Every structure is written in C-alpha cells, then in structure tokens.
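Got the model open in your viewer? Let's walk through it stop by stop, picking something to select each time and looking at what turns up.

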Amino acid sequence: MTEPDCRPLRRSDIHATARLHRQHLGQGLFLNLGPRFVRRWHRTFIDNPYGCAHVVTDHDGELLGFILAATDQRRYVGATLGSDKWSLMALGALGLAVRPRLAFHFVRTRGRAYARRLLGLGRRQRAAAPGGTSADDASQAPVAVVHAIVTSEQARGRGVGRRLLAQFETCAAEAGVTRLELVTDADGDAPEFYRRLGWVQTEERLNRDGRRVLLFTKTLSDDAPPQGRTAS
C-alpha cells in the first residue's frame, strides 16, 4: 500500500480542511462562526510566519487529516492580529449577526477578553514583528501550540495523527522551540493517544464553554533529531 503523503497545507486544501474540521470537531466558538470564518482562520496558518500547517492525503489526493499549529504562540497571535484582524473581525461579526444565541454567549464568555486583546494590538504588533523583541519576549521562552489536529474516519488506525504530530515536532525543532502544548477534551480516546506519544498531562480545567479539557505538554530535547519529515 502506498504511504500517505504529508505536505504543507495549501490554499486549495482549505475548503476540505474546514469541512473536515467542522464535521469532526464541531464545538468551539471559531467553528460555530460558519464555514467562511473557519476557512479564513485556517488560511492564517499558511500566511503567518509562525504558522505550521500540514495535511496527510492518500494516493488519490483525498484528505485524511490535518494539523494547524503555531511554532511561537505569542508571535503567531500578534502577527495574525496585525495582518488578518479586519478580515477575521468582519467574518466573525457576520457569523455572530446571524447567530444571536452564539452572539450572546460570546459577549458573556469572551467579550471583555477580546476587547482587551484588540486594544493592546499596537504593543503586540511591535513585539510580534519578525526579529522584534520586547521585555516580555525576553523573559518568556516561546511555546509551540497545536490549535487543531483532525483525522477522517477512514484514516483512523493508519498512523495519520502520529505523523502529523511528528511533523509539528519537526517544525518546532527547526524554529528552535522545545516546549510544546495542546489542549484536548477530557472525554474520548484523544488523551490516551497523546500519552502514548510522550505527552504529559499538566492541567485539567473547564474552558469558557463549560467543557472539561486537559492541557498536555511535551519538551523536546535540544540535541534530539526531528521526529517528522519535512515535505519538499
């Protein structure tokens, strides 16, 4: 059997990745803002210099899974707010306008935090600029974060998730980042999957939507070779 192909996410993949994302992980604010917002959000991981996005496809080109991650979470957020703020805000506002219950939930659970983030945009833009530093940057080591990892039903048991996480580790190692983080729902098979791959659960909490989630971390050895393969 031909080994599935792992390669960087392309813009032509985004309709498929957004559809798979909403089908299999339909919870959370961003996913509930509608397909146009989800597609635009996925694109930030292609355009952003701190994004790390890969897909696994079969020999016919069918999508089997994808990962969206940041090699430096703080700088990814700052760069996204600097370059994609208005398009994401417009699509987000449109999504909330046609979903009044979601809009009420957003204001109640996230409105204040999002307002503070947007008001602090100027400072974060300067800190997130490539090559730029701030006092906070100097005191905090960068953290690479998995935003989403999704595999299709037909890909289960074929090592697709393992391969995507290995590629993420490669991206982080090449960026000189050794601390990795991800958050997953406490229920289901995902926590045990991450434990088998060397991730360590460090926290359990309720997220803003009231779901029980687990924080997993992993530390890469400075002298360990990357575990994944970088697609050419």
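Start by selecting helix H1, residues 14-24, and helix H3, residues 35-47, in this predicted model. Their axes come within 9 Å and cross at roughly 120°. The way H1 passes H3 is a right-handed crossing. To see who does the touching, show the side chains: on the H1 side you have Ile-14, His-15, Thr-17, Ala-18, His-21 and Arg-22. On the H3 side, pick Pro-35, Val-38, Arg-39, Trp-41, His-42, Arg-43 and Ile-46. Colour the contact residues by type and you get six nonpolar, four polar and three charged.

Stay on H3 for a moment and click Ile-46, which sits in that helix. Is Ile-46 buried or exposed? Somewhere in between: with a relative accessible area of 28%, Ile-46 is partly exposed. Leaving out residues up to four places away in sequence, Ile-46 touches Leu-9, Arg-10, Arg-11 and Ile-14. Now draw a distance from the C-alpha of Ile-46 to the C-alpha of Leu-68: you should read 9.2 Å, for two residues that are 22 apart in sequence.

That distance line leads you to Leu-68, so make Leu-68 your next selection. Setting aside neighbours within four places in sequence, Leu-68 is in contact with Leu-9, His-42, Phe-45, Cys-52, Ala-53, Val-146, His-147 and Ala-148.

Next up is the largest nonpolar core, a set of 28 residues. Which of its members touch the most others? Select Leu-33, Phe-37, Trp-41, Phe-45, Phe-66, Leu-68 and Tyr-76, and you have them. Then colour by element to see where the core comes from. H1, helix H2 (29-32), H3, strand S2 (51-57), strand S3, H4, helix H5 (100-109) and strand S4 (143-151) each give at least two residues. H4 makes the largest contribution, with seven residues. There's also another core, apart from this one, with 26 residues. To find it, try Ala-69, Ala-155, Val-160 and Phe-168, which are among its members. As background, nonpolar side chains tend to be buried together in soluble globular proteins.

Now for two threonines. Where is Thr-71? Look in the loop between strand S3 (63-70) and helix H4 (73-97). Its relative accessibility is 9%, under the 20% cut-off, so Thr-71 counts as buried. Show what surrounds Thr-71, beyond its neighbours within four places in sequence: Tyr-50, Cys-52, Val-143, Ala-144, Cys-171, Ala-172, Ala-175 and Val-177 are all in contact with it.

Move along into H4 and you reach Thr-80. Thr-80 also counts as buried, because its relative accessibility is 7%. Not counting residues up to four places away in sequence, Thr-80 touches Thr-44, Asn-48, Lys-85 and Leu-88.

Time to look at charges. Side chains of opposite charge can pair when their charged atoms come close. How many salt bridges does the structure hold? There are 15, and here are some to visit.

- Select Asp-84 and Arg-40: their side chains meet in a salt bridge, at 2.5 Å from N to O. Asp-84 is in helix H4 and Arg-40 is in helix H3, so the pair links distant parts of the chain, 44 residues apart. Asp-84 is buried, with a relative accessible area of 5%, and Arg-40 counts as buried at 11%.
- Select Glu-169 and Lys-218: here the side chains meet at 2.7 Å, N to O. Glu-169 belongs to helix H9 (residues 160-174) and Lys-218 to strand S7 (residues 212-219), so this salt bridge ties together parts 49 residues apart in sequence. Glu-169 is buried at 4% relative accessibility, and Lys-218 is buried at 11%.
- Select Asp-209 and Arg-211: the closest N and O atoms of this salt bridge are 3.9 Å apart. Asp-209 is partly exposed at 28% relative accessibility, and Arg-211 is partly exposed too, at 23%.

For the last stop, keep Asp-209 and Arg-211 selected and add Arg-110 and Asp-185. Together these four residues are linked in a network of salt bridges.

Methods. Residues numbered from 1 in each chain as written. Predicted model: local features only at pLDDT ≥ 70, side-chain atom pairs only at ≥ 80, totals over all residues. Heavy atoms only, no water. Axes fitted to C-alpha atoms, helices over the stretch in contact; angles between N-to-C directions. Helix = DSSP H or I, 4+ residues; strand = E, 2+ residues; numbered from the N terminus. Left-handed = near helix turned anticlockwise from the far one by under 90°. Contact = heavy atoms within 4.5 Å. Nonpolar A, V, L, I, M, F, W, Y, C, P; charged D, E, K, R; others polar. Buried < 20%, exposed > 50% of the residue type's maximum accessible area, 1.4 Å probe, protein only. Core = buried A, V, L, I, M, F, W, Y, C linked by side-chain atoms within 4.5 Å.
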